Amino acid sequence: MAARADSEDRLVRFRFRSDRGPTVEVRGEMQHWLYPAQLEPVGDGWSEHAYRLAPGAYQYKFRVGHDWVLDPENPRTRARDGARNSLLMVGGADEPVLHAPARPFVFEEDDGRLCLRVGLRRGHGDRLELRWDEGAGMRWLAMRQVAHEDEHLMFEAHVPGAGRSLEYVFALADGRLIGAPGGAAQTFKLAREALRMRTPEWWRDATVYTIFVDRFRRAGGWPDASVVDRETRAGGNLAGVVEALPYLADLGVSVLHLTPICASHSVHRYDATDPRTVAPELGGEDGLARLFDAAHAAGLRVMLDVAITHVHRDFFAFRDVRENGRESPYWSWFSIQNYPFFEGYEPGYAHYQKGQWQEPLLRAEEPEVVEHLCETFVHWTKRGADGFRIDAAADVPRSVVRKIARAVRATREDVALFAEYTPDNIAHWTVDAVDSATDFVAQQAVYDWLWRRSRTAGRVHEVHAQRRFDRGGPGWTAIAFTATHDQPRFLTLVGDPRIARIAQLFTILRATIPALYYGDEIGLRSEDPSRAFEDSWPDRQCMPWDETAWDKTTHALVRSALHLRRDRVALRRGDEHPIAIDWRGAESPDVLAFRRTYGEETIDIVINGGPNPCRVPLPELEGNGAAPLLVLGEVTIDGARAVAREGIEVDAHDRAAVDDLAGLTGDAHPAIDDARTRGLDHDRTAGADGERANNRTQREIVLGPWSAVVLDRVRELPENALDDATALANNRLLGALAFREGATVSPAYPANLYVTITEACNLRCQHCITHAPELTQAGRARALRPWLLDALREAFAAADYFAFAHGGESLISPVLFDVLAAIRKAHAGRPGRYDAHLLTNGMLLRADTTRKLIDAGVTSIMVSLDGARAETNDVIRAGGRIATVLANLRDAIAIRREANPDLRIGLSTVVGVTNVGELAEIAAIAVDLGVDWLKIEETYPATPFARRDLIKPSAQPVIDSMAIVRETLARSKVVLVDHLDPPGGCTCEADRRADGAALRAFRAADDFANRTSFHPCRAAWEQACIDPDGTVHPVDYFQPAIGNLQDTPFLDVWNSPIVQRMRGRALSKTQPDLRRICTTP
């Protein structure tokens, strides 16, 4: 018995040798555990079957007769909950590491970071280290344990994702390095582009509402709202959905998922007679067009549902087969056993399960069937569908779904697809076939906790941690639900609305996309919980639109939770981690707590899913208090009754919402009466007790039966500390005061912030000090990712000067404008101004870009020009064209003249042997253009060319050329910034130095060009430089790194021991009286 992989074409042959005679099958994650592949004899007692498999981990087993058999020739196994299978690694690591360079083991987060996950076989330690390189050298990072299985501990780590590629290896506690197969310590190599997911942004934030169209709403009202059987159509239609759009928008969902709307004989319409026609009784083509238009106007998306495995006997292709037999061109579309066909349960062809003999199965491996399916999805895409649910996706080869997805995306890129997928290995589908897949394993864990009562809340956490690991992507790659339209409603199963509310709240606030079943939000239920999957007709009842029949408490909860998710980025996009509760007394098996985080926003959800009250220590988070956002049931915090700022009290002006809160928390509370009287806004609705509970550090939560609280983990300030707004508004002053007082720890963020957008460049300048041409050519240039914007949010708000003057060409990256937008947002409403300075090579500084930069808040642009003629400039700055640069500059100056923005524009020239004779001409160009300054600086010998071209400032050609430059500029308004041999030091020293006048003149010119005031003596308190991967350097980029913002808050990095030592050295060189002079305005 053996399974082996061909490393080149990923052709994997599963082989089995047996003398026992019965047929041998192989089953596993290659496709679907329910779909076996029979092994064929190949001689000498061996039989085999071949799959083509991408890199990854695949569990499998052989089945010999009725016996399940592990592969004895493959010792690798993986086990969960006692189920042990053989494990095949394709392109993955050797034992004891469980990892392959593919999802679910590595993927890109929404914020641009790369997540790496790995399993470590038990018995090989409890620690793992990731060693990785994104282009700036090998780094080390301790991995964090996030889950566990029977045989493995599961770890993860995040890297900045700044590079175009990633190399990595894992280090065990005993020092061994485990990497790619092929030799000791071979690194895995990944191209970042291969990890990028094309999922539309709107889907990543989605909340789905499933509408069983026939039973949701009929325009004008139901003729008979009591219909619950599978044979009778109640008459719901698309016009009814249009009427319900205001209700749905107010509820807070963002996506409507409609069950099939095609022509069909059934109520459910999954057995299409014509899959490309809207059923006339639903409103036909015009009705669908009206729904699309109205939904989009209301800010809602519409997804259609398409069955790809089966059709009705009256489908055109099968009808042709019925009439013409083997002569039909569609004979190969179906699995036909006997012809002519019979009416009944053995009709002579393969049909849908559960005796549905009128629904023949399509042969999905048939190319013409695949073409037909692709054309069907494209048809609805062109009609305006925003996305699709693919019914029973696991029942066809993944390659088919992949082709459907490609066809759809080729038609329109912003279409989303999710799969109804019942197996547990959803990452095998979301990697390249669909955006998301339903997670039935996670649903059943909730059932075990709240309904069957067979799992504790802690065990639910373990299962969900495993599911988080398995899905191999951000939360939105999985879809969570309490029930689908194929199942009895959760309330039908449990019978108690309090329990159902717990399940709904948990589902809505998890990291996965929540999918609500129509009517669950108003307490819809049936009296028949025994129905099997796809036979839940009693729960497909008509939606009641008489609000007196609704469960108002459930509706208020669902609406509030959906609004909270919509308004809080941590709940929309944040990661999800179980909270380990530090129990002081008896542990409650019903309490489940988890944390959602995104950047600096943290929200905790604490749930009691049981009938007994319990005391729960407030989850620890250093320096953070806890402000209730949503309260369900009876909850107290440190003895004070919890009153939510948000959530159910969405608006204290809304008396109904306040009444709903009273319904959740018991009798009316003084805080509620106070809110009614004062009409306060929901952010200030807490009464005196509630305010005290919100504003002091909490220690204990008491949860009543079936209750929950959602907590905003707001940062608490130490006593007498300045509030954030005051500190940020006085940031530069606070840093200066720390310097003046001789403090090596600063309460302020750097006032001057240099940010590298990208290390890539569109030119190949021969003297480049950042080595951008080499990094770009080698594919090792790093780029800033979205996560860093959030990590810099407070630093952006505090700083008043921003420079983009290092690395590559910032204008080649659209992220530049994201950064500028983040800075503007951080400063919105703040007094004072900030300046943003951009260095560019000028090739991309087109007129529209200049206008965009002005609108984005750039106040200073410096363009590099290293020659007055093409034969000089365009050789030094290879790939550049001086004619283009000068034309762009003239346009920029003209735009400034017309729009009169607060913008300075200047030139920068690096002097070398090659261009020293053209300095006078460059000065003339500066005057002719009408720029504000000309900066001339010395060549830095960073490259072979620069070392050859180096010329000393004292060389006669430099002296002569600079004399002409000064004379030329003296007759104009152009400021000369002479960086050839500038006097060092700070302006505060000028009165004590012989060259004080020159120092003042240089500092004034340099500050003019940069649009800020530099104070070199206190630069270690005022100036920081940020690499694209979040690495921070004090003062300038050539100083050593002091930390990385991915894992450490900015102020902690900014006051690290390295910086404190640097400040100590600066203080030792600066006398106290000079520090006072330097900080005196």
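**Close-up views of salt bridges, rings and cysteines**

**View 1. Arg468 and Asp575 are both buried.** Buried here means under 20% relative accessible area, exposed means over 50%, and partly exposed lies in between (1.4 Å probe, protein chains only). This is a predicted model: local features need pLDDT of at least 70, side-chain atom pairs count only at pLDDT 80 or more, and totals for chains, interfaces and linings use all residues. Residues are numbered from 1 along each chain as its sequence is written, and side-chain values use heavy atoms, with hydrogens and water left out. A salt bridge joins Arg468 to Asp575, with the closest N and O atoms 2.7 Å apart. This pair links distant parts of the chain: Arg468 belongs to helix H10 (residues 457-471) and Asp575 to strand S33 (residues 575-578), 107 residues apart. A salt bridge is a side-chain nitrogen of Lys or Arg within 4 Å of a carboxyl oxygen of Asp or Glu. Helices (H or I, at least four residues) and strands (E, at least two) are DSSP runs, numbered from the N terminus. The salt-bridge count comes to 100.

**View 2. Arg833 and Asp902 form a salt bridge, their closest N and O atoms lying 2.7 Å apart.** Distant parts of the chain meet in this pair, 69 residues apart: Arg833 is in the loop between helix H23 (815-827) and strand S45 (835-840), and Asp902 is in the loop between helix H26 (882-899) and strand S48 (904-911). Arg833 is partly exposed, with a relative accessible area of 44%. Asp902 is also partly exposed, at 39% relative accessibility.

**View 3. Asp928 forms a salt bridge with Arg890, and their closest N and O atoms are 3.8 Å apart.** The pair links distant parts of the chain: Asp928 in helix H27 (residues 919-929) and Arg890 in helix H26, 38 residues apart. Is Asp928 buried or exposed? Asp928 counts as exposed because its relative accessibility is 56%. Arg890 is partly exposed, with a relative accessible area of 44%.

**View 4. Arg78, Arg80, Glu149, Asp439, Arg467 and Asp470 are joined into one network by salt bridges that share partners.**

**View 5. One aromatic cluster is formed by Tyr209, Phe216, Tyr247, Tyr517, Tyr518, Trp545 and Trp550.** The structure holds 44 aromatic pairs. Rings of Phe, Tyr and Trp (its six-membered ring) pair if their centres lie within 6.5 Å; planes under 30 degrees apart count as stacked, over 60 as edge-to-face and the rest as tilted.

**View 6. The charged end of Arg15 sits over the ring of Trp46, 4.6 Å from its centre.** The charged end of Arg1063 sits over the ring of Trp1054, 5.0 Å from that ring's centre. Such a charge has NZ of Lys or CZ of Arg within 6 Å of the ring centre and within 35 degrees of the ring normal.

**View 7. His428 lies in helix H8 (residues 427-430).** His428 counts as buried, at 12% relative accessibility. Leaving aside residues up to four places away in sequence, His428 touches Glu29, Ala57, Tyr58 and Arg398. Contact means heavy atoms within 4.5 Å.

**View 8. Cys761 lies in the loop between strand S42 (752-755) and strand S43 (764-765).** Cys761 is buried, at 18% relative accessibility. Residues up to four places away in sequence aside, Cys761 touches Ala772, Thr776, Gly808, Glu809, Ile812 and Asn841. The C-alpha atoms of Cys761 and Ala781 are 8.7 Å apart, with the two positions 20 residues apart along the chain.
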